[in-house]
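Me: Hi! I'm new to this one and would love a friendly walk through it. Could you take me around?

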Amino acid sequence: MNDLAETISQNENKLRSEWIRTMSSAVERSDLIGKAELNDQCASILQALVEGVRTSGAENLAGAGWNSARELLNSISSSRARQGFSPLEIATFVLSLKQPLFALIREKMAKSQDALFDTIWSATQLLDQLALVTTEAYITTREEFILRQQQELLELSTPVVKLWDGILALPIIGTLDSARTQVVMESLLQTVVATNSRYAIIDITGVPTVDTLVAQHLLKTITAARLMGAECIISGVRPQIAQTIVHLGINLEDVVTKANLADAFALALQRSGRTVVRTSAAPRSPMSGLFTKREE
Amino acid sequence: MDRIPVLRMGPLLLITIQVDMHDKLAIQLQDDVTNRISEWGSTGVLIDISSLEIVDSFIGRMLANIAAMSRVLGAETVVVGMQPAVAITLVELGMSLPGVQTALSVEAGMELLYGAVTTGPENERGEA
C-alpha cells in the first residue's frame, strides 16, 4: 500500500504540475483563484494525501491519519463555495488528479499487472471519496448560508411601528408560517406591553396569499392581544384575499377588518377618542374647487 | 390558610393575584368573589394578573368561571395586565376567554368598568 504513498511523494512536483494542467483544461477559473494560491493548495493536498495513505491506508478514510486531509478539503471547498465556485468545479478539482496519478502509477508499475490494478483501484476509490468529501463540505456551507439568511429574514421582517400614542402598526410582508407567526406574535405582544398600546393594526398588504392556516395564525395573534387588553384591526385586505376568505369559509366576524391602513388608523383614532382636524386650507389642487370650502 | 384578598373600591372589587394559583386557592377565590358581590352589591370585578407568569388550563378556566359567575350576579369582569407569554399560552391551549373583558393596565380596566357603570342601569334609571 505504501507504494502509492511513495509514488506520490517521489514525483510530487511533476504530479502537481500535471494535475494543475488537467484541472485548468477542465475548469478554468483564474478569475476566482490565483495561480500561486492554487499551486499551494495542490501541494498541501498532495502532502496530506501521502500522510493519510502512510498512516491509515487508502481504504479507510475515517482513520485518524486522514484528519488533516479531510480538514484541508473541507476548508478549501467551503472557501470555494463562498468564492462562487460551482459544486461541479469543486469536485473536478479533486477528480482531475486521477488522470496524472494513473499515468504515473502505470509508468512506475508496468512490470506487475496485479500490483498495477490494485494500486489504481485503491487510488480511484480514494479520490472518489475525497471528491465526495468536497461535495459534502460544499453543501454544508451552502446550508449554513441559507439558514443564516432565513434567520436574518425572520428578524428583519417583523417590525412593530408606533403610529400614535397607544396605536401600533405591524406591517407583515411575506408568507406567514408557524415559525414566523410566533416571532410576529411575540414582538407585537411585547411592544403592546412596552408602549401600553390599546390598538394594534395588523397590515397584511404584503402577504401574498391567505389560506386557512394563515388565517388561523392571524386569529391566534389577535386573540392573544385581546387577552392582554389590546384590540387588533386587520388592514390591507386585497379584493382577491377577501374573496378567498369568504370562499374558504374563514370566520373573521369577530375581527375588525379594513381595506387599507389609513382606514384602520382612522378607526383606531376614532375609538381612542381622537379626531384629525385640518388647521388650514389645503394647498391648491385641481380638485379643490369641487368641494365646498370651509368657513373661516 | 392562604387566601387572595378581595378589596372593595366603591362599586368595584379589586383582586390582585400575586401568588401561584392552586385548586384550593381558586375555589376559595370563587367563593369570596361571589359572596362579596352579593354582600356589597358590586357592579364590577377587576382581576389583576400582571404578576402571574405561569398559567395552565385550570387557571384559564377559573378566570372564565369567575367572569361567568359575576355576570350572573350582575357584575362585569375585567382581567388586566396579562403577560405576553401567558396570553400566548392560553391561546395555544385553545382558551380565548370569550366572556371576559380585558385591559392593559389597572387604570384602563377601571376606566372600562366605570364606563360600564355610568352607562349601565344607573344611568337608565336617571333618565327615566
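**A walk through the model**

Reply: Happy to. A good place to start is strand 4 (residues 76–80) of chain B: 5 of its 5 residues are buried, so this strand is largely enclosed by the rest of the structure. Buried here stands for 20 or more other C-beta atoms within 10 Å of a residue's own, exposed for 12 or fewer, and partly exposed for anything in between, with C-beta atoms placed from the backbone. Helices (H or I, at least four residues) and strands (E, at least two) are DSSP runs, numbered from the N terminus.

Me: Where does this come from, and how do I read the labels?

Reply: This is a predicted model, where local features need pLDDT of at least 70 and side-chain atom pairs count only at pLDDT 80 or more, while totals for chains, interfaces and linings use all residues. Residues are numbered from 1 along each chain as its sequence is written, and chains are lettered from A and ligands numbered from 1 in the order in which they are written.

Me: Back to that strand. Which residues of strand 4 of chain B are buried on one side and on the other?

Reply: Glu76(B), Val78(B) and Val80(B) are buried on one side, and Thr77(B) and Val79(B) on the other, so both faces are covered.

Me: And how many bridges pair it with strand 3 of chain B?

Reply: There are 5 bridges between strand 4 and strand 3 (residues 44–48) of chain B, in the parallel sense. Two strands count as paired if DSSP finds at least two bridges between them. Val45(B), for instance, has Thr77(B) as its bridge partner.

Me: What does the secondary structure of chain B come to?

Reply: Chain B has 5 helices and 5 strands, in the order β-β-α-β-α-β-α-β-α-α from the N terminus on. Of its 128 residues, 40% count as buried.

Me: What is the mean pLDDT of chain B?

Reply: The mean is 84, and 89% of the residues of chain B reach 70 or more. pLDDT is the predictor's confidence in each residue, from 0 to 100. Over residues 120–128 of chain B, pLDDT stays under 50, and the model has 3 contacts there beyond four places in sequence. Two residues are in contact if their C-beta atoms, placed from the backbone, lie within 7 Å. Where pLDDT is low, the predicted coordinates should not be read in detail.

Me: What about the model's ipTM and pTM?

Reply: The ipTM is 0.76 and the pTM is 0.63.

Me: How many residues does the contact take from each chain?

Reply: It takes 14 residues from chain B and 15 residues from chain A. On the chain B side, helix 3 (84–92) and strand 5 (101–103) each give two or more, and helix 3 of chain B gives the most, with 5 residues.

Me: Now chain A. What order do the strands of its open sheet have?

Reply: The 5 strands have the order 1-2-3-4-5, with mixed pairing. Strand 1 (161–164) and strand 5 (256–257) of chain A stand at the edges with a single partner strand each, so one side of each is left without a neighbour in the sheet. Strand 3 (residues 199–206) and strand 4 (residues 231–235) of chain A run parallel, joined by 5 bridges. Ile202(A) stands opposite Ile234(A) in strand 4 of chain A.

Me: Which residues of helix 6 of chain A are buried?

Reply: In helix 6 (residues 98–108) of chain A, Pro100(A), Leu101(A) and Ile105(A) are buried. The face turned away from the buried side of helix 6 of chain A carries the exposed residues Arg106(A) and Glu107(A).
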